[in-house]
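Here are a few notes to go with the model. Have it open while you read, and take the points one at a time.

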Amino acid sequence: DDDDTPTGSEIELPKATHQGQMAIGDLLLDCYVLEDGRRVFHKRGMARALGLKSEGGNAFMKTMQGKGLGSGLPETLREKINNPLNYKPLTQDLAHAYDADVLADVAKAIVAADSDGKLTKQQHALAVQAQILLNAFAKVGVVALIDEATGYQQIRDPSALRVLVQQY
């Protein structure tokens with residue numbers, strides 16, 4: 001056999017070096033930093049972030065492919081959603097996640113689909129939750145950028161951004 005393609009057992013999964021929970025209001029989202037510096041949300045956290053009744057990762061994928069919303073997602077985003085990242089968290093052998101920016105892109109796409117009238121009545125709650133996420137990300141992002149530009153992040157309380165995001 002001349003094929004050098006690694007088999008499933010030989011593929012090195014990226015490993016999480018840090019894990020935590022990000023609080024947005026009452027939501028707790030499992031998040032990780034991988035050894036290559038990527039920030040990711042556990043697949044299950046994507047469903048939770050959007051307020052889906054079932055918080056399973058497959059519920060997130062199914063909802064994103066559903067009537068109305070599925071057609072409102074850009075093809076590149078659909079591709080990312082359908083291909084979650086395999087990684088090794090600190091506590092188990094294998095888990096599935098998405099790069100953190102996918103959550104922001106999904107939230108933007110949901111709000112846009114709602115504005116374009118593509119969502120069903122049942123999906124409107126997704127748009128409300130997506131807007132809450134975008135507002136929280138924007139407000140915390142601008143604070144973090146100012147803190148970095150001024151050097152303030154060196155002296156601020158380490159939980160300051162987390163506390164700020166919980167307020168939204």
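1. Start with helix H6 (helices are DSSP runs of H or I, at least four residues, numbered from the N terminus). In H6, Leu126, Ala127, Gln129, Ala130, Leu133, Leu134, Ala136, Val140 and Asp147 are buried, where buried means under 20% relative accessible area with a 1.4 Å probe, protein chains only. Just past the end of H6, Gly151 has a positive phi of about 80 degrees.

2. How far should the 27 residues of H6 span? At 1.5 Å a residue (times one less than the number of residues), residues 124-150 should cover 39 Å, and the end C-alpha atoms sit 40 Å apart, which agrees.

3. A word on the source: this is a predicted model, where local features need pLDDT of at least 70, side-chain atom pairs count only at pLDDT 80 or more, and totals for chains, interfaces and linings use all residues. Residues are numbered from 1 along each chain as its sequence is written, and side-chain values use heavy atoms, with hydrogens and water left out.

4. On confidence (pLDDT, the predictor's own score for each residue, from 0 to 100), the chain averages 84, with 88% of residues at 70 or more. Go carefully with helix H7 (residues 160-167), which has the lowest mean of the chain's elements, 66. Where pLDDT is low, the predicted coordinates should not be read in detail.

5. Now look at Phe60 and Tyr98, both buried. Their ring centres are 5.4 Å apart and their planes at 65 degrees, so the pair is edge-to-face (centres within 6.5 Å make a pair; planes under 30 degrees apart are stacked, over 60 edge-to-face, the rest tilted). Phe60 belongs to helix H2 and Tyr98 to strand E5, 38 residues apart.

Conventions:
Helix = DSSP H or I, 4+ residues; strand = E, 2+ residues; numbered from the N terminus. Buried < 20%, exposed > 50% of the residue type's maximum accessible area, 1.4 Å probe, protein only. Phe/Tyr/Trp six-rings, centres within 6.5 Å; stacked < 30°, edge-to-face > 60°.
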